[in-house]
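Me: Could you take a close look at one part of this model for me? I'd love to start from a single position and then follow the packing outwards.

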Amino acid sequence: MPIFLDTGDLKEIQKYMKMGIIRGVTTNPTILLKDGVTGGMKGIKRRSIEIAEMVNPYPLFVEVTTNDQAQMIEEAIEIARWAENIVVKITIHGPNGELGNLEAAHLLETKGKARVNVTAIMSAQQGLLAAMTGATYISLFGGRINDMGYNVCEEIRKLRKVLDDFNLKAKIIIGSTREILNVIEWLEAGAHIVTVVPNLLERMIVHPYSKETVQMFLNDAKKLEEKTRKAQ
Ligand code: E4P
C-alpha cells in the first residue's frame, strides 16, 4: 500500500480513488483548515466520516486537536469510533517537549482503544521510540527533515532496519513530500508508505513526453482514418 493522499479535499480523494491509485488518506488540522473545514470538532467529524466512507476499506488518518494528555486520550477514543477505518494521529510530543503523548499512544494501542499513528517525527531515533509504543504507523516528515539539512533517505534506511531487526510492527509513512522524485526514492530507502498532496500526484502522472507521444498516436490514427476513407 505505497501511496496515500495527504488532503481533506473530497473531490480530490474521489478523483484518485476512482483511478485506483491511492490506498489511504492522511489529514491533520492544518490540512483540514486549508481544505475548508469549519465548525471545530463537529466539522472535523463531518468531513472525516465522509472521507472514511469514500476510502473504505482503506484507512483515514485523523489527528487529535489537543495536547492535554487526558483530553487527548478521550478525543482519540471518540475519533476512532467515527468509523472503523480511522487511525488516530498523535504527535511524538507536545509543543514544549511534553512527554505524555507516547504514553497516550501506548495506552490507546495496547488497550485496543484505537489504532495509532505517531506523527511529526524528524529522526530515526524518534521513530524507533514511537514504534516501541506499539503504534501501528509512524510518520516522518521528509521535506522538513531535508529542510533542516539532514538526509531523510538515511533516516528512513536506519529506521526501517531497526524496525525489521527488532520485529516492531509499525509501518513507516513519509509525509511532507515536496518533489516527485521523493516518492520512489523514499520507498526505495525503505518507507512502507509515502503520502502526497493531490497536486504532486497529478505531476507524477502527467509527463510532457507522454503528452507528445499520445498526440502523435492520435494524429496518426486520424491520418489512418482519412487514408482508409480516400481508398474507398
Ligand atoms: C503529514 O501529516 C504531512 O505531510 C504534513 O502536512 C507535513 O507537510 P508539510 O511539511 O508540507 O507541511
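Reply: Helices and strands here are DSSP runs, with at least four residues for a helix and at least two for a strand, numbered from the N terminus. Bear in mind that this is a predicted model.

Let's start at isoleucine 90, which sits in strand 4, residues 86-91. Is isoleucine 90 buried or exposed? Its relative accessibility is 0%, and buried means under 20%, so isoleucine 90 counts as buried. Once neighbours within four places in sequence are set aside, its contacts are Val64, Met72, Asn101, Ala104, Ala105, Leu108, Asn117, Val118 and Thr119. Threonine 65 is 25 residues away in sequence, yet the C-alpha atoms of isoleucine 90 and threonine 65 are 9.0 Å apart.

Two of those contacts lead us onward: Ala105 and Val118 are also touched by threonine 133. Threonine 133 belongs to the loop between helix 6 and strand 6. With 8% relative accessibility, it counts as buried too. Beyond residues up to four places away in sequence, threonine 133 also touches Leu102, His106 and Thr110.

Both elements flanking that loop, helix 6 (124-132) and strand 6 (137-141), pack against the buried residues of helix 8. So do helix 7 (142-147), strand 7 (171-175) and helix 9 (180-189). Which residues of helix 8 are buried? They are Val152, Cys153, Glu155, Ile156, Leu159 and Leu163. Because these residues cover an arc of only 155° around the axis, they lie on the same side of helix 8. The length of helix 8 (residues 152-165) fits as well: at 1.5 Å a residue its 14 residues should span 20 Å, and the end C-alpha atoms are indeed 20 Å apart.

Asparagine 146 gives a view from helix 7, where it lies. At 32% relative accessibility, asparagine 146 counts as partly exposed. Not counting residues up to four places away in sequence, it touches Asn151, Val152 and Trp186, and Val152 is one of the buried residues of helix 8. Serine 176 lies 30 residues from asparagine 146 along the chain, with 9.9 Å between their C-alpha atoms.

Helix 9 is a useful bridge to the next piece, since the buried residues of helix 10 pack against it, as well as against strand 1 (3-6), helix 1 and strand 8 (193-196). Those buried residues of helix 10 are Pro198, Leu200 and Leu201. They line one face of the helix, because they fall within an arc of 160° when seen down its axis.

Two packed helices are described by the angle and the distance between their axes. For helix 1 (residues 10-19) and helix 10 (residues 198-205), the axes come within 11 Å and cross at roughly 35°. That crossing is left-handed. Glu12, Lys15, Tyr16 and Met19 in helix 1 meet Pro198, Leu201, Glu202 and Ile205 in helix 10. By character, the residues of this contact are five nonpolar, no polar and three charged.

A second helix pair makes a nice companion. Helix 3 (residues 40-55) and helix 4 (residues 69-82) pack at an angle of about 35°, with axes 10 Å apart, and their crossing is right-handed. Here helix 3 contributes Met41, Ile44, Lys45, Ser48 and Ile49, while helix 4 contributes Glu75, Glu78, Ile79 and Trp82. This contact divides into five nonpolar residues, one polar and three charged.

Note on methods:
Residues are numbered from 1 along each chain as its sequence is written. This is a predicted model: local features need pLDDT of at least 70, side-chain atom pairs count only at pLDDT 80 or more; totals for chains, interfaces and linings use all residues. Side-chain values use heavy atoms; hydrogens and water are left out. Axes are lines fitted to C-alpha atoms, for helices over the stretch in contact, and angles run from 0 to 180 degrees between N-to-C directions. A crossing is left-handed if the near helix is turned anticlockwise from the far one by less than a right angle, and right-handed if clockwise. Contact means heavy atoms within 4.5 Å. Ala, Val, Leu, Ile, Met, Phe, Trp, Tyr, Cys and Pro count as nonpolar, Asp, Glu, Lys and Arg as charged, and the others, Gly among them, as polar. The expected span of a helix is 1.5 Å times one less than its number of residues. Buried means under 20% relative accessible area, exposed over 50%, partly exposed in between (1.4 Å probe, protein chains only). The arc is that of the directions from the helix axis to the C-beta atoms.
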